[in-house]
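This briefing walks through one protein model, topic by topic, for a reader who works at the bench. Please keep the sequence and the structure in view while reading.

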Amino acid sequence: SCPYDVELRNDLQRQRDLLHREARRLPHVKVWPTPAAFYSFWDVRELFGKRTADGRTLRSSDDVAGYLLREGGVVTASGSAFMQDGYLRLAFATPDEHIVGGIAAAGRALERLA
């Protein structure tokens, strides 16, 4: 058996908790708990049917992921890549300022939807 790196595990848990805390403020997004991973799944189905400023309607995870990338500079993986349309996957094995800044940018982009 391979022993866990306790410091790495603690850092990932802290980063996960930071991402979950920050993401709870996002409109129309539900954050799924991920107890043993370096990524988070977001349920974004409530965003389907919302319209962007340029008149596009969000109809899928691909649309939401593309919108967040274009409008917020936030990189996510569409759940459709994991057979889970309606969800986004976000890695949080990144510096804290990227987590906080990314969530803030996503929030600003989501607030612009009609």
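How many residues does helix α3 have, and what distance does it reach from its first C-alpha to its last? In this predicted model, helix α3 spans residues 96-111, which makes 16 residues, and its end-to-end reach of 23 Å is close to the 22 Å expected at 1.5 Å a residue. The points below take up the packing of that helix, then the sheet, the loops, the charged pairs and one residue of helix α2.

**Helix α3 and its packing**

- The buried residues of α3 are Ile99, Gly102, Ile103, Ala105, Ala106, Gly107, Ala109 and Leu110.
- These buried residues of α3 pack against three elements, namely helix α1, strand β2 and helix α2, the last of which covers residues 61-72.
- As background to such a list, an α-helix has 3.6 residues a turn, so residues three or four places apart point the same way.

**The sheet and helix α1**

- The sheet is open and is formed by 4 strands in the order β1-β2-β4-β3, with antiparallel pairing.
- Strands β1 (30-32) and β3 (77-78) stand at the edges, and because each has a single partner strand, one side of each is left without a neighbour in the sheet.
- Helix α1, which runs over residues 6-23, packs on the sheet and touches both β1 and β2, and its direction makes an angle of about 20° with that of β2.
- Strand β2 (residues 39-43) and strand β4 (residues 87-91) run antiparallel and are joined by 5 bridges.
- Within this part of the sheet, Tyr39 stands opposite Ala91 in β4.

**Two loop residues with positive phi**

- His28, in the loop between α1 and β1, has a phi near 65°, which is a positive value in a residue other than glycine.
- The relative accessible area of His28 is 32%, so this residue is classed as partly exposed.
- Met83, in the loop between β3 and β4, likewise has a positive phi, of about 60°, although it is not a glycine.
- Met83 is exposed, because its relative accessible area of 75% is over the 50% cut-off.

**Arg16 and its surroundings**

- Arg16 has its place in helix α1, and with a relative accessibility of 15% it falls under the 20% limit and therefore counts as buried.
- Its side chain is joined to that of Asp17 by a polar contact of 2.9 Å, and the two residues also form a salt bridge, with the closest N and O atoms 2.9 Å apart.
- Asp17, in contrast to the buried Arg16, is partly exposed, with a relative accessible area of 30%.
- When residues up to four places away in sequence are not counted, Arg16 touches Thr34, Pro35 and Phe92.

**Salt bridges**

- Side chains of opposite charge can pair when their charged atoms come close.
- The count of salt bridges in the model comes to 7, and two further examples are given here.
- Arg25 forms a salt bridge with Glu22, the closest N and O atoms being 3.1 Å apart.
- In that pair, Arg25 is exposed, with a relative accessible area of 64%, whereas Glu22 is buried, with a relative accessible area of 15%.
- Glu71 and Arg112 meet through their side chains in a salt bridge, at 3.8 Å from N to O.
- Glu71 lies in helix α2 and Arg112 in the segment after α3, so this pair ties together parts that are 41 residues apart in sequence.
- Both partners are partly exposed, Glu71 with a relative accessible area of 38% and Arg112 with one of 42%.

**Ala65 in helix α2**

- Is Ala65 buried or exposed? This residue, which lies in helix α2, counts as buried, because its relative accessibility is 12%.
- Leaving aside neighbours within four places in sequence, Ala65 is in contact with Thr76, Ser78 and Leu88.
- Ala65 and Arg45 are 20 residues apart along the chain, and their C-alpha atoms are separated by 12 Å.

Note on methods. Residues are numbered from 1 along each chain as its sequence is written. This is a predicted model: local features need pLDDT of at least 70, side-chain atom pairs count only at pLDDT 80 or more; totals for chains, interfaces and linings use all residues. Side-chain values use heavy atoms; hydrogens and water are left out. Two strands pair if DSSP finds at least two bridges between them. Contact means heavy atoms within 4.5 Å. Axes are lines fitted to C-alpha atoms, for helices over the stretch in contact, and angles run from 0 to 180 degrees between N-to-C directions. The expected span of a helix is 1.5 Å times one less than its number of residues. Buried means under 20% relative accessible area, exposed over 50%, partly exposed in between (1.4 Å probe, protein chains only). A polar contact is a pair of N or O atoms within 3.5 Å; within protein, one must be able to donate a hydrogen and the other to accept it, and residues adjacent in sequence count only if both atoms are side-chain atoms. A salt bridge is a side-chain nitrogen of Lys or Arg within 4 Å of a carboxyl oxygen of Asp or Glu.
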